[in-house]
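Here is a friendly tour of one protein model, from its overall fold to its pockets. Have a look at the structure first, and then read on.

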Amino acid sequence: MAPLWQRAARVLRRLPQVVQFVLVGGAAATTHLLTVALWVGLAQVPPLIANVLAFFTSFGVSYGGHAWLTFADAHARGWRAALRYFLVASVSFAANELLYALALRWLPWHYLASLLAVLLLVAVGTFISAKFWAFRAAGAA
């Protein structure tokens, strides 16, 4: 019998791509949220700075999950895909940071609720950019 991680991988790879994206994005977003909460709660780092630190932490989870699972069928891996995805993630993060700053200033929400709303909003553009550009296989039109 195959190890549990191999059986789980087979199940995950049979899921629709959008579900895979949500699962990987959810893992990255959870990593991001927990990292912000730790920086703010334990080190008293301002939320916007903690958000930058969390971006770099969650990028590894996001890229690895999308390369291995969500967009694995495109066979777009390595430095080219990583660089392209880093550009997509960076633009998404810039939108995230701008919207998060606006939410912190104008919405009477908890800083983590504001961040969660922003992360969900930005995820749509990230999926489209990742699918049709960052993880597009080399030589694809």
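## Terms and model

Helices here are DSSP runs of H or I with at least four residues, numbered from the N terminus. Please keep in mind that this is a predicted model.

## Overall fold

What does the protein consist of, in helices and strands? There are five helices and zero strands, and from the N terminus on the elements follow the order α-α-α-α-α.

The C-alpha atoms occupy a box of roughly 45 × 40 × 25 Å along the principal axes. A compact globule of 141 residues would have a radius of gyration near 14 Å, and the protein's value of 16 Å agrees with that.

## Packing and surface

Of the 141 residues, 35% count as buried, which means that their relative accessible area is under 20%. Turning to contacts with a separation of 6 or more, 69% of them join residues that are 24 or more positions apart.

On the outside, the protein exposes about 8300 Å². Carbon and sulfur atoms supply 75% of this exposed area.

## The largest pocket

Now to the pockets. The largest pocket has a volume of about 530 Å³. It is lined by 25 residues, and those closest to its centre are Gly-25, Ala-28, Leu-119, Ala-123 and Thr-126.

Which helices each supply at least two residues of this lining? They are H2 (17-43), H3 (47-70), H4 (79-106) and H5 (111-134). Among the contributors, H5 gives the most to the lining of the largest pocket, with eight residues. As for chemistry, the lining of the largest pocket divides into 16 nonpolar and nine polar residues, with no charged ones.

## The second largest pocket

The second largest pocket has a volume of about 220 Å³. Its lining is made of 14 residues, of which Gln-17, Thr-70, Phe-71, Asp-73 and Ala-74 are the closest to the centre. The elements giving two or more residues to this lining are H2, H3 and H5.

How many residues of each class line the second largest pocket? There are seven nonpolar, three polar and four charged residues. Charged residues are thus part of the lining of the second largest pocket, whereas the lining of the largest pocket has none.

Terms used
Residues numbered from 1 in each chain as written. Predicted model: local features only at pLDDT ≥ 70, side-chain atom pairs only at ≥ 80, totals over all residues. Heavy atoms only, no water. 1 Å grid on protein atoms, 1.4 Å probe; cavity = no way out; pocket = protein on both sides within 12 Å on 5 of 7 lines; lining within 4 Å. Points joined across faces, edges and corners; volume = space filled by probe spheres on them. Nonpolar A, V, L, I, M, F, W, Y, C, P; charged D, E, K, R; others polar. Rg over C-alpha atoms; globule rule 2.2 N^0.38 Å. Buried < 20%, exposed > 50% of the residue type's maximum accessible area, 1.4 Å probe, protein only. Contact = heavy atoms within 4.5 Å. Areas by Shrake-Rupley, 256 points an atom, 1.4 Å probe, with all protein chains shown as cover.
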